[in-house]
Amino acid sequence: MGDFKRLRVWQKSHHLTLEVYKSTAGFPDRERFGLTGQLRRAAASIPANVAEGCGRGTDNELGRYVRIGLGSATELEYHLIPARDLGILPLPAYESLNAATLEVQSMLAGLSRKVRRGPPASSYLNAAKS
């Protein structure tokens with residue numbers, strides 16, 4: 001498939017993961033194994049699954065892992081809600097992370113559709129922007 005780091009959806013989801021880690025750094029210690037861990041695990045699972053799908057070598061496998069990543073993005077979307085509702089995640093941070101999560105979900109859904117019906121997956125690679 002090629003270099004996963006050139007996929008725009010991987011780049012966006014990696015950035016989202018970094019933002020989740022930064023946003024959860026100040027969460028209470030009592031949430032280390034609760035919301036902090038759940039948010040971080042769900043976020044990191046998205047680009048990890050895209051990378052793994054790229055490494056599998058077939059469009060079918062890529063599509064499978066992209067769909068798994070989409071599930072992780074939906075899980076992240078949910079975990080942001082209780083973090084916001086419990087007052088652990090400030091509203092501006094929630095809004096930013098939620099918007100980025102929805103964007104990644106849309107990109108993953110689009111990639112999944114293209115892989116199912118389109119040209120070879122390698123054609124979805126975009127040069128990384130500096």
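At 0% relative accessibility, S13 counts as buried, and this residue of the predicted model makes a convenient way into the fold. S13 has its place in helix α1. Leaving out residues up to four places away in sequence, S13 touches I46, P47 and V104. Two of these partners can be placed at once, since α2 covers residues 35-56 and α4 covers residues 91-117: I46 and P47 are contacts of S13, and V104 is another. Q11 also sits in helix α1, but Q11 counts as partly exposed because its relative accessibility is 23%, and the buried range ends under 20%. V104 appears again here: Q11 and V104 are 93 residues apart in sequence, yet their C-alpha atoms are 9.7 Å apart in space.

The overall layout is simple to follow. The chain has four helices and zero strands, and from the N terminus on its elements run α-α-α-α. Of the 130 residues in the chain, 39% are buried. The chain exposes about 7000 Å², and carbon and sulfur atoms supply 53% of that area. Contacts that reach far along the sequence are well represented: among those between residues at least 6 apart, 72% join residues at least 24 apart.

What lies at the centre of the packing is best seen from the largest nonpolar core. In soluble globular proteins, nonpolar side chains tend to be buried together. Here the largest nonpolar core holds 28 residues, and L39, L76 and L108 touch the most other members. The elements giving two or more residues to this core are α1 (8-24), α2 (35-56), α3 (59-85) and α4 (91-117). With eight residues, α2 gives the most. L76 shows how such a member is surrounded: beyond its neighbours within four places in sequence, L76 is in contact with L16, V20, L39, A42, A43, I46 and T101. L39 is thus both a partner of L76 and, like L76, one of the residues that touch the most other core members.

The contact between L76 and T101 can also be followed from the other side. T101 is found in helix α4 and counts as buried because its relative accessibility is 0%, under the 20% cut-off. Not counting residues up to four places away in sequence, T101 touches L16, A73, L76, E77 and L80. L16 is therefore shared, being listed among the contacts of L76 and among those of T101, with contact taken as heavy atoms within 4.5 Å. T101 and T17 are 84 residues apart in sequence and 9.7 Å apart in space, C-alpha to C-alpha.

Y94 lies in helix α4 as well. With a relative accessible area of 10%, Y94 is buried. Its contacts, again leaving out residues up to four places away in sequence, are L80, I81, R84 and L89. L80 is a contact of Y94 and also of T101. R84 adds a charge to this picture, as its charged end sits over the ring of Y94, 4.5 Å from the ring centre. Y94 and E77 are 17 residues apart along the chain, and 9.7 Å separates their C-alpha atoms.

A second charge placed over a ring occurs at F4, where the charged end of K5 lies 4.7 Å from the ring centre. F4 also takes part in the one aromatic pair that a search of the whole structure finds. A pair of aromatic rings is described by the distance of the centres and the angle of the planes. F4 and W10 form an edge-to-face pair, with 5.2 Å from centre to centre and 70° between the planes. The two rings belong to residues in separate burial classes: F4 counts as partly exposed at 24% relative accessibility, whereas W10 counts as buried at 14%.

Confidence in the prediction is worth a look before any of these details are used. The chain averages a pLDDT of 90, and 89% of the residues score at least 70. Among the elements, confidence is lowest in α4, at a mean of 95, and highest in α1, at 97. Residues 126-130 stand apart, with pLDDT under 50 throughout and eight contacts beyond four places in sequence in the model. Where pLDDT is low, the predicted coordinates should not be read in detail.

Technical notes
Residues are numbered from 1 along each chain as its sequence is written. This is a predicted model: local features need pLDDT of at least 70, side-chain atom pairs count only at pLDDT 80 or more; totals for chains, interfaces and linings use all residues. Side-chain values use heavy atoms; hydrogens and water are left out. A nonpolar core is a set of buried Ala, Val, Leu, Ile, Met, Phe, Trp, Tyr and Cys residues joined through side-chain atoms within 4.5 Å. Buried means under 20% relative accessible area, exposed over 50%, partly exposed in between (1.4 Å probe, protein chains only). Rings of Phe, Tyr and Trp (its six-membered ring) pair if their centres lie within 6.5 Å; planes under 30 degrees apart count as stacked, over 60 as edge-to-face and the rest as tilted. A charge sits over a ring if NZ of Lys or CZ of Arg is within 6 Å of the ring centre and within 35 degrees of the ring normal. Accessible areas come from the Shrake-Rupley method with a 1.4 Å probe; for residues, only the protein chains shown count as cover. pLDDT is the predictor's confidence in each residue, from 0 to 100.
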